[in-house]
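I have opened a structure I have not looked at before. These are my notes, in the order I looked things up.

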Amino acid sequence: MRKVRLVIIGGGPAGLAAVLGAKHAGEDDILILERDKQLGGILNQCIHNGFGLHTFHEELTGPEYAARFSCEIKNQNILYSLNTMVTNISKDKIITAVNPSEGLFQIQAQAIILAMGCTERPRGALNIPGTRPAGIYTAGTAQKFVNVYGLMPGKEVVILGSGDIGLIMARRMTLEGAKVKMVVEKMPYSSGLKRNIVQCLEDFEIPLKLSHTVVDIEGNRRLEAVWIAQVKEGRILPETRERISCDTLLLSCGLIPENELSAMMGIELSDQTKGPKVNESLETNIPGVFACGNVLHVHDLVDFVSQEASMAGRKAVEYLREPKSGQKHEVPVEAGNGVRYTVPSRMCLEAMESSLPVRFRVDQIYKDGFFCVYGNDQRIMRRPFRIATPGEMVQILLTKKQLEGIDLQRIRIELEAKINEN
Amino acid sequence: MKTKELTCIGCPMGCVLTVQINQGKVQSVHGNSCLNGDRYARQEVCAPARILTTTVPLAGDDNHLMLSVKTRNPIPKNKIFACIQELKKVQVKAPVHVGDLVLKNVANTGVDVVSTQNIG
Amino acid sequence: MLNHDIVIIGAGVSGSAIARELSRYDLDIVVLEKQEDICSGTSKANSGIIHAGYDAPEGSLMASLNVEGNAMMDSWSEELDIPFQRIGSLVVCLEEEGMPFLEKLYQRGIKNGVPHLEIIDRQRLKQLEPHIAQDAVGALYAPSAGIVCPFELNLAMAENAVQNGVRFLFDAEVLSIDKIDQGFCVLTSKGKVLTKHVINAAGVHADTIHNMVSMQKMEIIPRKGEYVLLDKKAGKHVRHTIFQLPTKMGKGVLVTPTIHGNLLVGPTSEDVQDKEALNTTEKGLRDVIEKAKKTVQDLPMHMIITSFAGLRAHHPAHEFIIEEVKDVPGFIDVAGIESPGLSSCPAIGKKVAKWFQEKYDLVQKSDFQPRRKGLNHLYAINSHQKNALIQKDPRYGNIVCRCEMISEGEIVEAIHRPIPARSLDGVKRRVRAGMGRCQGGFCLPKVVEILAREQDGKTAKEITKSGKNSYFIAGNNKEDLL
């Protein structure tokens, strides 16, 4: 069986940054397994700009951002296999994969970085009643048709969900000649960036209907109309039902980390993030198996994916140099008041570098409050904020200094703030 | 004197900005929570501009039917559809690289359209 | 000139089983289907259960054909190369007062000839089904009940019929039928077909077809059933098909593993007017979920991947109507084929074929081929077989559907079968691409591309979800910009 020291599953933004992180840390025996016919993952179809402000200090489009990484991979002569689907990973890191030229094959890895990304929530999972005609697509599928194939999936469009992909597709479809009638959002606020609401909707006078959702679907062959209704405190108000004729419904209703392989190999997953539970080194419960990017938790900025993945690469190399043996003293990192989850969800003080980014999301919109960190029950950090929304991942930096001198049993992150009522 | 309302895009606060305009000149900006809001309002009212991204058909590569492109610099917001119209007639042949010129001075904006992909 | 001996109207499980059984004889047979594929009506959206046969009244055609069909399923699945599992069914009784009804069901089953029936107590039930409801008191256990994929069974029967000389005509809707000398003139949307006999296996439309020729009018009521389908991760939540003993409060829903390892919950039961009403409703889906929770605990409803509705072809007599129409000799009704129609279809095929065989004293063809080879499925073969297949055709190594791990090779094969996949649903139902948790979000553009390429270079705009106007692509980028 072929042996490789470090295998990266997925050649999207996370995988590529992880590879470079590992390469820069001195590892040479690396292989990327990518299922598509090119490196770069979903960035290749995200042709809009706005990527890379943090990483490169300029605004790039998705393909440009991906190209920066894939050129570097090629320059560094790092091995990658395209058109290669990983079908199984065993607990002892035997990877089974398939591609047209090699058939079904196995690789024994010493360390693995999981970077499989995420998937869009489909109609079925949303349980929208009605008929099942053609014309209902996830926003990402429509994006692929338009941006990769040059094909329009429809002409009169309603978009359900105001996440960034939905907003971006409202503009794309409009620019390519479709009529986008409205964006419908179940929540009273949009989870998309303000910039996208202005530049993708307001620029083209596309209405955003907050606190509304799609309640029925009409059309036997091709979509003919959707019915929308107002949502109040989680309940649909039937008297507000309204028929919107359209031939296309795009769904932008959330992303789910793609952890089928992780589950197969026995990796513990978080109910909150749907991604692996990891420690301060982004290592899962299986030693030598790391996770980063959207397979770990869904990010809103690719720059943070790159940062996180680069660290996973570095940490994987540390593991390869010195596979930790025996029990580490790990303490839980808990999500307290107002916090939905944290990544990492546990940490080991000895293994921590001088500082550690902790990423989390809040559960509602808050204004003028504080992010607080507690070591045991002692507050060790209190950082003010103007606004915190569920759509925006928060990152705080814990330093080793703050935690030293405490007999650390647990860390808790919580909010001190009032819920924003409007 | 004219009054215009804008949503600031600087951060998730999304401050509603009220801009007073007199003879095409910004007199005052209200509603902003920080200096970025003021700056944004003045730019957005006087000369709103956007980077335009789209795709054009690509010939000569089996794996790619379309090439993604962008305006190298922001173009005036009201020229977006004029630029798209001009790009409707454009086809590119592979190989092509990031930054290669696709269309010069699109819709007389003085801005070039360039490739954002490496193909071939 | 009457160019056909028999026209079968409808390519569902009844029509296809009849076609397969009649293809044993030297007859000129054509099957007319108004949709673009087989299994597009009642046969498509049902529970996929091969019932044991205790439900139908003693002495009814439903009872006898069900029990007979169930028994035939082992040899049919083997000959036709389709998966079939006898997982057994449980009719669960949730209150002590129900036990006499369970006993009644048991007695009826015995009279109908159902093998190995048993009434089991709470403890045994709990052993068989650890997730069964706390208040379950007992159950009727029928080990002979099983599960199949209705589509694969339908396809296999149709393909075997094609192997033996039957022709299938799709997109051929029957518009009128005229009685002519020695037979019938059937006018379809694809032209005229002249035939000596007509077999009416038109599902919910069997009444329309029947009433075209007979003075004794028939009515078929479309009875809607809504279902939800759960991810494979939930597929082992129950091991048997679990029914709920009907109570004063009404009929329950079933919970069952499917042959492909998903978990299926449903159906509701509602008589509707519209024979195309395949919409699910908010109330229907809620009812399904609420009712299922009565018999099975901890159902992981967050794992729902899709929901769908089917229409059963209900006859007011609640009986299979399989007979030559009295005032129209040569015209045979196969109507009212609702549950247990799927279970009964081999026996229905046999019964209709027997009618012809006896009437014309037919002898089986010497070259009749009862065996049909199914499609290559990567998920069904070991790694050596996979590698042999990929070496022969590298497209089997190109995974297109990541949820179900379906390759380009399997999709291409489906498009070139005796009964070809012509649409996205056609591909999906043959090879399961797009059947997984992402429901085609990932593979849809690729499958559209392959369908276009493999069908003599059609364009993506011509590819549909399920025929006719169900197109995916409305045009090229920018073409509508003025």
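**Chain C, domains.** I started with how far domain 2 of chain C sits from domain 3 of chain C, and their C-alpha centres lie 33 Å apart. This is a predicted model, so I keep that in mind for every entry here. For the bounds, I looked at the domain assignment of chain C: domain 1 takes 1–85 + 147–220 + 315–374, domain 2 takes 89–143 + 222–310, and domain 3 takes 378–462.

I then checked the UniProt record for chain C. An unreviewed entry there places "domain: FAD dependent oxidoreductase" at residues 5–355 of chain C. I looked at that span in the model: it is 28% helix and 28% strand, and its end C-alpha atoms lie 14 Å apart.

**A small sheet in chain C.** Next I followed an open sheet of 3 strands in chain C, with the order β3-β8-β4 and antiparallel pairing. Which strands are at the edges? I found β3 (49–50) and β4 (84–85) of chain C there, each pairing on one side only. I zoomed in on one pairing: β4(C) meets β8 (residues 146–148) of chain C over 2 bridges, in the antiparallel sense. In that pairing, C:Gln85 stands opposite C:Ile147 of β8(C). A reminder to myself: strands of a sheet pair through backbone hydrogen bonds, either parallel or antiparallel.

**Helix α10 of chain C.** Is this helix enclosed or open? I counted 7 of the 8 residues of α10 (residues 408–415) of chain C as buried, so the helix is largely enclosed by the rest of the structure. The buried ones are C:Glu408, C:Gly409, C:Glu410, C:Ile411, C:Val412, C:Glu413 and C:Ala414. I also asked what covers them, and the cover includes β21 (399–401), β22 (406–407), α11 (424–431) and α12 of chain C.

**Where chain C meets chain A.** How many residues does each chain bring to this contact? I noted 47 residues from chain C and 43 residues from chain A. On the side of chain C, the elements that each supply at least two residues are α7 (282–295), β18 (304–314), α9 (383–392), α12 (444–454) and β23 (475–476). By class, that side of chain C divides into 19 nonpolar, 18 polar and 10 charged residues. So α12(C) turns up twice in my notes: it is part of what covers the buried residues of α10(C), and it supplies residues to the side of chain C that touches chain A.

I then looked at β23(C) again, as it also pairs across the two chains. It is joined by 2 bridges to strand β11 (residues 151–152) of chain A, and the two run antiparallel. A:Met152 stands opposite C:Gly475 of β23(C).

**Chain A, domains.** I moved on to chain A, which is divided into domain 1 (1–120 + 255–326), domain 2 (122–253) and domain 3 (328–422). The centres of domain 1 and domain 2 of chain A, taken over C-alpha atoms, are 31 Å apart. Their contact takes 5 residues from domain 1 of chain A and 10 residues from domain 2 of chain A. I split the domain 1 side by class and got 1 nonpolar, 2 polar and 2 charged residues.

**Helix α4 of chain A.** Here 10 of the 11 residues are buried, so I put α4(A) down as largely enclosed by the rest of the structure. Among the buried residues of α4(A) are A:Ala139, A:Lys144, A:Phe145 and A:Tyr149. Just after α4(A) comes A:Gly150, whose phi is positive, near 70 degrees.

**Where chain A meets chain B.** This contact takes 23 residues from chain A and 23 residues from chain B. On the side of chain A, the elements giving two or more residues are α2 (62–75), α4 (139–149), α6 (194–201) and β26 (378–388). Which element gives the most? It is α6(A), with 5 residues. That side of chain A has 9 nonpolar, 7 polar and 7 charged residues.

**Chain B.** Last, I looked at chain B on its own and found 2 helices and 10 strands. From the N terminus on, the elements run β-β-β-α-β-β-β-β-α-β-β-β. I checked its radius of gyration: chain B has 19 Å, whereas a compact globule of 120 residues would be near 14 Å. Its C-alpha atoms fill a box of roughly 55 × 30 × 15 Å along the principal axes. Buried residues make up 35% of the 120 residues in chain B.

Key. Residues are numbered from 1 along each chain as its sequence is written. Chains are lettered from A and ligands numbered from 1 in the order in which they are written. This is a predicted model: local features need pLDDT of at least 70, side-chain atom pairs count only at pLDDT 80 or more; totals for chains, interfaces and linings use all residues. Domain bounds come from an automatic or database domain assignment. Two residues are in contact if their C-beta atoms, placed from the backbone, lie within 7 Å. Helices (H or I, at least four residues) and strands (E, at least two) are DSSP runs, numbered from the N terminus. Ala, Val, Leu, Ile, Met, Phe, Trp, Tyr, Cys and Pro count as nonpolar, Asp, Glu, Lys and Arg as charged, and the others, Gly among them, as polar. Two strands pair if DSSP finds at least two bridges between them. UniProt positions are given in the numbering used here, feature names are shortened, and annotations may be inferred rather than shown by experiment. The radius of gyration is taken over C-alpha atoms; the globule rule is 2.2 Å times the number of residues to the power 0.38. A residue is buried if 20 or more other C-beta atoms lie within 10 Å of its own, exposed if 12 or fewer, and partly exposed in between; C-beta atoms are placed from the backbone.
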